[in-house]
Amino acid sequence: MIAGSGRLVIVAGPSGTGKTTIVRHLLGVFPRLAFSISACSRPRRPNERDGEDYYFLTADKFREKIAAGDFLEWEEVYPGSFYGTLRSEVERLWNADRHVIFDIDVKGALNLKKHFPKQSLTVFIQPPSVEALEQRLRARNTETPGILEQRVNKAKDELTYAPKFDCIVQNVDLQNAFSAAEKLVGDFLGDK
Ligand code: 5GP
């Protein structure tokens with residue numbers, strides 16, 4: 001357990017729900033929030049930077065860190081692709097007197113909450129439908145057809161986790177989703 005007084009805003013939901021856009025928006029609204037940079041073993045996309053979007057590790061290095069107990073939580077989100085939250089990352093941000101916001105998968109979100117039950121808020125971002133989600137993923141054009149299908153199938157499973165979250169934000173209209181998320185996070189952080 002890490003000692004610290006910071007709070008955790010844990011945003012999750014299937015790939016393509018707009019959760020990354022919502023997290024970016026919240027970072028702009030709440031100056032004390034800072035983004036938890038996860039470690040992952042998938043290849044870096046051309047627009048991504050190591051140490052900003054993720055800490056990109058080889059699968060071997062990732063496994064070494066699992067064995068060393070360096071992760072607060074980790075998941076093999078897609079076969080062969082590991083993602084996880086490093087203890088050192090949360091420590092780094094809490095030491096800087098920041099609250100931490102996470103963009104992680106649904107299982108990781110619920111596991112993280114178990115470490116910090118009182119200090120964390122779990123927010124599930126819900127897409128209008130699986131079809132809408134598939135369309136968004138296609139438009140994003142960051143995945144090959146095989147990977148896209150994998151993500152859509154995983155999304156169907158992830159949607160069943162929504163009731164386990166503290167709150168749900170519907171992302172039918174992005175501006176409404178921004179407002180709803182702002183209200184929830186504002187109430188949770190208060191003036192802290
Ligand atoms: P992407 O490959 O699109 O960047 O992310 C794939 C999925 O992994 C997303 O649902 C993302 O939120 C999730 N993810 C990112 N970082 C973490 C993490 O540290 N832990 C877990 N469990 N999932 C993560």
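## A residue-by-residue look at a predicted model

Asp97 has a relative accessible area of 46%, so it counts as partly exposed, a class that sits between the under 20% of buried residues and the over 50% of exposed ones. This residue lies in the loop between α3 (87-95) and β7. Its backbone deserves a look too: although Asp97 is not a glycine, its phi is positive, at about 65°. Most residues other than glycine have a negative phi. Please keep in mind, here and below, that this is a predicted model.

**The chain as a whole**

Stepping back from that loop, the chain holds 7 helices and 9 strands. Its C-alpha trace spans about 45 × 40 × 30 Å along the principal axes. How does the radius of gyration agree with that of a compact globule? For 192 residues such a globule would have a value near 16 Å, and the chain has 16 Å, so the two agree.

Of the 192 residues, 49% count as buried. Among contacts with a separation of 6 or more, 69% are between residues 24 or more positions apart. On the outside, the chain exposes about 9,700 Å², and carbon and sulfur atoms supply 50% of that area. As for charge, there are 27 positive and 26 negative charges, and their mean positions are 2 Å apart.

**Strand β8 and helix α4**

Let us move to strand β8, which covers residues 120-126 and includes Ser120. Thr122 has its place in β8 as well. Ser120 has a relative accessibility of 4%, so it counts as buried. Thr122 is also buried, because its relative accessible area is 1%.

What does the side chain of Ser120 find at 2.6 Å? One of its polar atoms lies at that distance from the backbone oxygen of Phe116. Leaving aside neighbours within four places in sequence, Ser120 is in contact with Leu8, Ile10, Lys113, Asp166 and Phe188. With residues up to four places away not counted, Thr122 touches Ile10, Ala109, Lys113, Phe165, Asp166 and Cys167.

Two of those names, Ala109 and Lys113, lead to helix α4 (residues 106-115), where they are buried along with Val106, Gly108, Leu110 and Leu112. Which elements cover the buried residues of α4? The cover includes strands β1 (8-12), β5 (71-78), β7 (99-104) and β8, together with helix α6 (145-158).

**Tyr54 and His25**

Two further residues round out the tour. Tyr54 lies in strand β4 (residues 54-56), and at 17% relative accessibility it counts as buried. Beyond its neighbours within four places in sequence, Tyr54 is in contact with Ile37, Ser38, Ala39, Cys40, Arg42, Glu48, Arg49 and Tyr83.

His25 is found in helix α1 (residues 19-29). Is His25 buried or partly exposed? Its relative accessibility is 22%, so it counts as partly exposed. With the neighbours within four places again set aside, His25 is in contact with Phe178 and Glu182.

For each of these two residues, the table gives a C-alpha distance to a partner elsewhere in the chain.

| Pair | Apart along the chain | C-alpha separation |
|---|---|---|
| Tyr54 and Arg87 | 33 residues | 14 Å |
| His25 and Lys183 | 158 residues | 12 Å |

How values were computed:
Residues are numbered from 1 along each chain as its sequence is written. This is a predicted model: local features need pLDDT of at least 70, side-chain atom pairs count only at pLDDT 80 or more; totals for chains, interfaces and linings use all residues. Side-chain values use heavy atoms; hydrogens and water are left out. Helices (H or I, at least four residues) and strands (E, at least two) are DSSP runs, numbered from the N terminus. The radius of gyration is taken over C-alpha atoms; the globule rule is 2.2 Å times the number of residues to the power 0.38. Buried means under 20% relative accessible area, exposed over 50%, partly exposed in between (1.4 Å probe, protein chains only). Contact means heavy atoms within 4.5 Å. Accessible areas come from the Shrake-Rupley method with a 1.4 Å probe; for residues, only the protein chains shown count as cover. Lys and Arg count as positive and Asp and Glu as negative; His and the chain ends are not counted. The place of a charge is taken as NZ of Lys, CZ of Arg, CG of Asp or CD of Glu. A polar contact is a pair of N or O atoms within 3.5 Å; within protein, one must be able to donate a hydrogen and the other to accept it, and residues adjacent in sequence count only if both atoms are side-chain atoms.
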